[in-house]
Amino acid sequence: MSETVDARGLSCPQPVLMAMEKMKEMHKGEMVVLVDTQASKENVSRAVQSQGWEVKDIREDGGEFELSVFRE
């Protein structure tokens, strides 16, 4: 079961900080991060990768992005 971080409606750096906090809680596993700007999508992607997590999939729907990330 994956965790979800809903950062829609928030501007950077808040989505990155929320994703980082959840990664620290989880240590490993699967997480979905929801954002609604291109900048947030790119910043969250870079941040999770810098912490050893992998971006498995990014889906876009009506200007909102769903990032599926995981770490074994």
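Start with strand β2: 7 bridges tie it to strand β4, which covers residues 64-71, and the two run antiparallel. One spot to look at is Val33, which stands opposite Leu67 in β4. Keep in mind as you look around that this is a predicted model.

Now turn to another partner of β2. Strand β1 pairs with β2 as well, over 4 bridges, and here the sense is parallel. If you want a place to put your finger, take Asp6, whose bridge partner in β2 is Leu34. To get from β1 to β2, the chain passes through helix α1, and this β-α-β crossover is right-handed. How much of β2 is buried? Of its 7 residues, 5 are buried, so the strand is largely enclosed by the rest of the structure.

Let's walk that crossover step by step. After β1 comes a loop leading to α1, and Pro13 lies in it. Have a look at the peptide bond from Cys12 to Pro13: this bond is cis, with omega near 15 degrees.

Next up is α1 itself, spanning residues 14-26. Its 13 residues reach 18 Å from the first C-alpha to the last, close to the 18 Å expected at 1.5 Å a residue. Which residues of α1 are buried? They are Pro15, Val16, Ala19, Lys22, Met23 and Met26. Try looking down the axis of α1: the buried residues fall within an arc of 130 degrees, so they line one face of the helix. And what covers them? Among the elements doing the covering are β1 (3-6), β2 (29-35) and α2 (38-50). So the two strands that α1 links in the crossover are also part of the cover over its buried residues. Swing round to the face of α1 turned away from that buried side, and you'll find the exposed residues Glu21 and Lys24.

Right after α1 comes His27, sitting in the loop between α1 and β2. What is the phi of His27? The angle is near 70 degrees, a positive value in a residue other than glycine. Is His27 buried or exposed? With a relative accessible area of 58%, His27 counts as exposed, because the cut-off for that label is over 50%. From this loop the path goes on into β2, completing the right-handed crossover that began at β1.

Technical notes: Residues numbered from 1 in each chain as written. Predicted model: local features only at pLDDT ≥ 70, side-chain atom pairs only at ≥ 80, totals over all residues. Heavy atoms only, no water. Expected span 1.5 Å × (residues − 1). Buried < 20%, exposed > 50% of the residue type's maximum accessible area, 1.4 Å probe, protein only. Arc of directions from axis to C-beta. Contact = heavy atoms within 4.5 Å. Pairing = 2+ DSSP bridges. Right-handed = clockwise from strand over helix to strand, strands pointing away.
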